[in-house]
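Reader: I have this model open at my bench and would like a close look at one part of it, the packed interior. Could you walk me through that part and link it to the rest as you go?

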There are 2 protein chains.
Amino acid sequence: MSATSDYLEVALAAADAAAEAVRPYFRMGLTADDKADDSPVTLADRAAEQAMRAVLAARCPGHGIIGEEFGETGPASETVGGGLRWVLDPIDGTRAFITGRTTFGTLIALIEHETPLIGIIDQPITRERWVGVTGRPTVFTGPLGGAAGCRPCARLGDAELSCTSPEIFDETTRPAFDRLRGAVRRASWGGDCYGFGLLALGQIDVIAEAGLKPWDWAALVPVIAGAGGSVTDWAGQPLRLGGSGDVLALGDGRLLPKAVSLLG
Amino acid sequence: MSATSDYLEVALAAADAAAEAVRPYFRMGLTADDKADDSPVTLADRAAEQAMRAVLAARCPGHGIIGEEFGETGPASETVGGGLRWVLDPIDGTRAFITGRTTFGTLIALIEHETPLIGIIDQPITRERWVGVTGRPTVFTGPLGGAAGCRPCARLGDAELSCTSPEIFDETTRPAFDRLRGAVRRASWGGDCYGFGLLALGQIDVIAEAGLKPWDWAALVPVIAGAGGSVTDWAGQPLRLGGSGDVLALGDGRLLPKAVSLLG
């Protein structure tokens, strides 16, 4: 537990470093036809992951790192470091960032083998931050209002559904998502990790996304669990590093059987 | 011009009043199954429109008002008041508001007959504000960064397209939108008026939406014109109060012929 508190301090320092790195690139005045490899989002992505890696290398040199930009480095699971690895997504929500929306975030998770212990969703522009630690209540801070805590929602027919984009689905996942969408009260679009943060604030009841990578979902698990909700795969099982990445987040566990049956 | 400056002060006072009215309802902790007529968005919508109407009644009693919540009141066009009417949307982006996203806004326009003279997009939570006056450069203020001015984009193949939701299209407009989407570099979702604001900041190049009401689009016209872009119908013609409400916004006029041909 003391170790977790120490690691939480490291995670917060990494989030601060990433935010410093990202801010100068937001709403930079570049033209639409810049090349992908020198676009503001690419530069910000790399700078933020490097900033986080520098913090982790200095303070947790024995831990492995899985990062969206620079891949897997350091000790692998099951070896040194007690199977502890950091999972980093410097900018989750590339399209939001590119278009100047603040519905993106930096994601930082500490996992033990495949289980997330710590998760941070950080929005560096609005300065909103969600901090989740297994077994503790999620803490949300920021100047725009809201408080951590999923809301009760007993029936899918009353539920607010969110999803980042209709384009994430393929021929297999689209019909399943459409069944879920047909059963809820209302759907809204856009959000990436920020949508999951809003679920942890009791603003959204259901999120279904397909094909997420571990750095897209690892940080969400402790944040949402600590707010009273759940993040699983579409079968309601714990997410795994090598899994499909089809993610179902619920604010109220009573929705799980019906949601799983529609997505199955 | 002096009259326009006076009216601009009125418009800004109305925006301030609406923002005060909206803020207490954002991310209010209500359950998912609240009735529509006492939902936070409904209460905020009504409170904000009433606050704007109170400012306008006190300072421009001779002007007509067209409001999303309380309809058309006061002198109609072509009669007293020189055909001047205020067009109000207290919360444009209901779903964003409901889900705790800040991608909604309050819209205030002053129109003369059918032509918008003044337009304001106000985001009361992030405190971002776009102010457009016909013939003047658009002014953007706020703490999150960015500057008014559309960016150059000569080819649709380089363009960033945005749209609020795939659900706004019907059998007629969907194939047209899909043709446009097929021609651009990338599409992103969510935004309502906030997306148009981002186009005026040079972050988005093309927005196409269908079935908007006058209170959804009137304020956008001076904001985007003053940033160097254009807002028209899908045929490239000026929007009209009784028109289809199919709206095309472009940051660079060179995109117009191709966009119109794809949407036609």
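Author: Happily; here is a walk through the interior, with some stops around it. This is a predicted model, in which local features need pLDDT of at least 70 and side-chain atom pairs count only at pLDDT 80 or more, while totals for chains, interfaces and linings use all residues. Residues are numbered from 1 along each chain as its sequence is written, chains are lettered from A and ligands numbered from 1 in the order in which they are written, and side-chain values use heavy atoms, with hydrogens and water left out.

A word on confidence comes before the details. pLDDT is the predictor's confidence in each residue, from 0 to 100; chain A has a mean of 92, with 93% of its residues at 70 or more. For the complex, the predictor gives an ipTM of 0.91 and a pTM of 0.93.

Now to the interior. A nonpolar core here is a set of buried Ala, Val, Leu, Ile, Met, Phe, Trp, Tyr and Cys residues joined through side-chain atoms within 4.5 Å, where buried means under 20% relative accessible area, exposed over 50%, and partly exposed in between (1.4 Å probe, protein chains only). The largest such core has 69 residues, and those touching the most other members are Trp130(A), Trp217(A), Ile224(A), Trp86(B), Phe97(B), Phe104(B) and Ile108(B). Its largest share, ten residues, is supplied by helix H1 (residues 2–22) of chain B; helices (H or I, at least four residues) and strands (E, at least two) are DSSP runs, numbered from the N terminus. Apart from this core lies another, of 66 residues, which includes Phe104(A), Ile120(A), Ile66(B) and Trp215(B). In soluble globular proteins, nonpolar side chains tend to be buried together.

Phe97(B) is a good residue to click on. With neighbours within four places in sequence left aside, Phe97(B) is in contact (heavy atoms within 4.5 Å) with Gln203(A), Val22(B), Tyr25(B), Phe26(B), Pro40(B), Val41(B), Ala44(B), Ile91(B) and Phe104(B).

Next, Ala218(B), in the loop between helix H6 (214–217) and helix H7 (220–225) of chain B. Ala218(B) is buried, because its relative accessible area is 0%. Not counting residues up to four places away in sequence, Ala218(B) touches Val87(B), Ala109(B), Ile111(B) and Pro116(B).

A charged side chain makes a useful stop too. Glu49(A), in helix H2 (residues 40–59) of chain A, is also buried, again because its relative accessible area is 0%. Beyond its neighbours within four places in sequence, Glu49(A) has contacts with Gly67(A), Glu68(A), Glu69(A), Phe70(A), Gly71(A), Leu88(A) and Pro90(A).

What about the cysteines? The structure holds zero disulfides over all chains, a disulfide being a pair of cysteine sulfur atoms within 2.5 Å. Cys193(A) is buried at 1% relative accessible area, and its sulfur is 14 Å from the closest cysteine sulfur, in Cys163(A), so that pair is too far apart for a bond.

Finally, step back to the pair of chains. A rotation of 180° with 0.0 Å of shift along its axis superposes chain B on chain A (RMSD 0.0 Å), by least squares on the C-alpha atoms of residues with pLDDT of at least 70 in both. The two copies are therefore related as by a two-fold rotation axis. In chain B, Gly190(B) comes closest to that axis, at 2.7 Å (C-alpha). Of the interface residues of chain B, 100% are also interface residues in chain A, so the copies meet through the same surface.
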